[in-house]
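Reader: Please walk me through this structure in questions and answers. Keep it brisk.

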Amino acid sequence: MEEYILLIDTEDAKGLVYNISKVLFANNLNIEQNAEYVDPDTKKFFMRSIISGKVSKNILLKELKEVLPEGASIKLNKKEKKDVVILATKESHVLGDLLIRYIAGELNANIKAVIANHDHLKDLVEKFNIPFTCISAEGLSRDEHEDKMIEKINEYEPELIVLAKYMRILTPKFVETFPKKVLNIHHSFLPAFIGANPYKQAHERGVKIIGATAHYVTNDLDEGPIIFQDVVRVDHSYSWEDMRNAGRNVEKIVLSNAFELLLNDRVFVHGNKTVIL
C-alpha cells in the first residue's frame, strides 16, 4: 500500500476539510494521519495528511485544486527517504551526530555525500562509507568557490542540504539555487556574541542560558524561518569550555530535530515563520 504526504497551504474558507476529505474519499484513498492549523492573523489554512491507497497524482491534484481557493499551494510527496547532501568545515560534533543517527536508521534520509571546504573530516566520514569531497576555497574568490560547490552538489540532486557547522557565508546565488532546501544551525547568542569565540564572550557576561537555533537559510544572515530551538541552563560554576561543550550538545539535538521535521514534510514556511504540523 503506497503512502503519500499531502500538504496544503491556502486562504481559509468554510468547508475546506470537508471538501478535501470528499476528494480523497472519491479517489478511494484513506487518511492515516491528519493535522490542520489556521493562522488567526493572516487567515491562512495549513493541512498535512498522510494518505494511503493507489494514487493517480495528476487526477488527485486537479480535483483538489478545483475545490480549494484560487492560488492554493498543493504538494503531494511520496512517503520515502529524501536525498541529502551535508556541508561541513572542521567541527565534527554536529556532523558526527548526524552520521551516527543515519547509520542507526533514525533518519528518513539517504545521505548522498559530505562536501567540505577543508579535509579535516575526511576520515570520519569515510568510516561511514559515505562519499567525501573537499573543495578548498584557497586561492578562489567566493563566487568561484561557490560555483564549484554548486556544481558538485548538483551531481547528487539533493532534496535537502544540511549545513553541519559549514563556516562560510552563502551568497544570494547559492540561496536562490536551492530555495527552501538549506538547513542551518547556530548558537542562539547571535547577534549579541559574534566572532571567533562566542562561548568565551558569553562566559565573561555571565550568561545563564545557552541555546541553539535551526533555520532555513535565506539572504538575511541567520534570520531565516526558524524550524527548531532549544536551551540548556548554565551557571557561574561553568568555565567557558564547559559552556562550549553544553552548547555543542544542544546544537546536535536542535539540528537533528529540525532535520527530522524536514525529512517528514512537517514544515510550512509562512512569511518569515514556520508552521509545524
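Reader: Is Glu 155 buried, partly exposed or exposed?
Author: The model is predicted, so local features need pLDDT of at least 70 and side-chain atom pairs pLDDT 80 or more, while totals for chains, interfaces and linings use all residues. Numbering starts from 1 along each chain as its sequence is written, and side-chain values use heavy atoms, with hydrogens and water left out. Buried means under 20% relative accessible area, exposed over 50%, and partly exposed in between (1.4 Å probe, protein chains only). Glu 155 has 51% relative accessibility, so the residue counts as exposed.

Reader: With which residue does Lys 152 form a salt bridge?
Author: A salt bridge puts a side-chain nitrogen of Lys or Arg within 4 Å of a carboxyl oxygen of Asp or Glu. Lys 152 lies in helix 5 (residues 142-156), and its partner lies in that helix too, three residues apart, about one turn. The closest N and O atoms are 3.2 Å apart, and the partner is Glu 155.

Reader: Which residues are joined into one network by salt bridges that share partners?
Author: Two of them, Asp 97 and Arg 101, meet in a salt bridge of 2.7 Å, N to O. Both lie in helix 3, four residues apart. Asp 97 is buried at 15% relative accessible area, whereas Arg 101 is partly exposed at 24%. The network consists of Asp 97, Arg 101 and Glu 106.

Reader: How many residues apart in sequence are the parts that Lys 78 and Glu 2 tie together?
Author: Helices (H or I, at least four residues) and strands (E, at least two) are DSSP runs, numbered from the N terminus. Lys 78 and Glu 2 form a salt bridge, with the closest N and O atoms 3.7 Å apart. Lys 78 is partly exposed at 38%, and Glu 2 is partly exposed at 34%. Lys 78 lies in strand 4 (residues 73-78) and Glu 2 in the segment before strand 1 (3-11), so the parts tied together are 76 residues apart.

Reader: How many salt bridges does the rule find across the interface of domain 1 and domain 2?
Author: The protein is divided into domain 1 (3-78) and domain 2 (82-276), with bounds from an automatic or database domain assignment. A search of the whole structure finds twelve salt bridges. Across the interface there are five residue pairs in polar contact, both at pLDDT 80 or more; such a contact is a pair of N or O atoms within 3.5 Å, where within protein one must be able to donate a hydrogen and the other to accept it, and residues adjacent in sequence count only if both atoms are side-chain atoms. The number of salt bridges across the interface is zero.

Reader: Which three residues supply 51% of the area that domain 1 buries against domain 2?
Author: Buried area is the accessible area (1.4 Å probe) that two parts lose on being put together, summed over both. Between the domains it is about 790 Å², and carbon and sulfur atoms give 64% of that. The three residues, supplying more than any other three, are Leu 7, Phe 46 and Arg 48.

Reader: Which side chain makes a polar contact of 2.3 Å with the side chain of Ser 49?
Author: Ser 49 lies in strand 3 and is buried, at 0% relative accessible area. Contact means heavy atoms within 4.5 Å. Beyond four places in sequence, Ser 49 is in contact with residues including Tyr 4, Ile 5 and Leu 6. The polar partner is Asn 34.

Reader: Which side chain is joined to that of Lys 165 by a polar contact of 3.4 Å?
Author: Lys 165 sits in the loop between strand 8 (160-164) and helix 6 (172-177). Lys 165 is buried, at 9% relative accessible area. Its contacts beyond four places in sequence include Thr 89, Glu 91 and His 93. The polar contact is with Glu 251.

Reader: Which element gives the largest share of the largest nonpolar core?
Author: A nonpolar core is a set of buried Ala, Val, Leu, Ile, Met, Phe, Trp, Tyr and Cys residues joined through side-chain atoms within 4.5 Å. The largest has 44 residues, and Ile 86, Leu 95, Leu 183 and Phe 259 touch the most other members. Among the elements that give two or more residues are strand 5 (82-88), helix 3 (93-103) and helix 8 (240-263). The largest share, ten residues, comes from helix 8.
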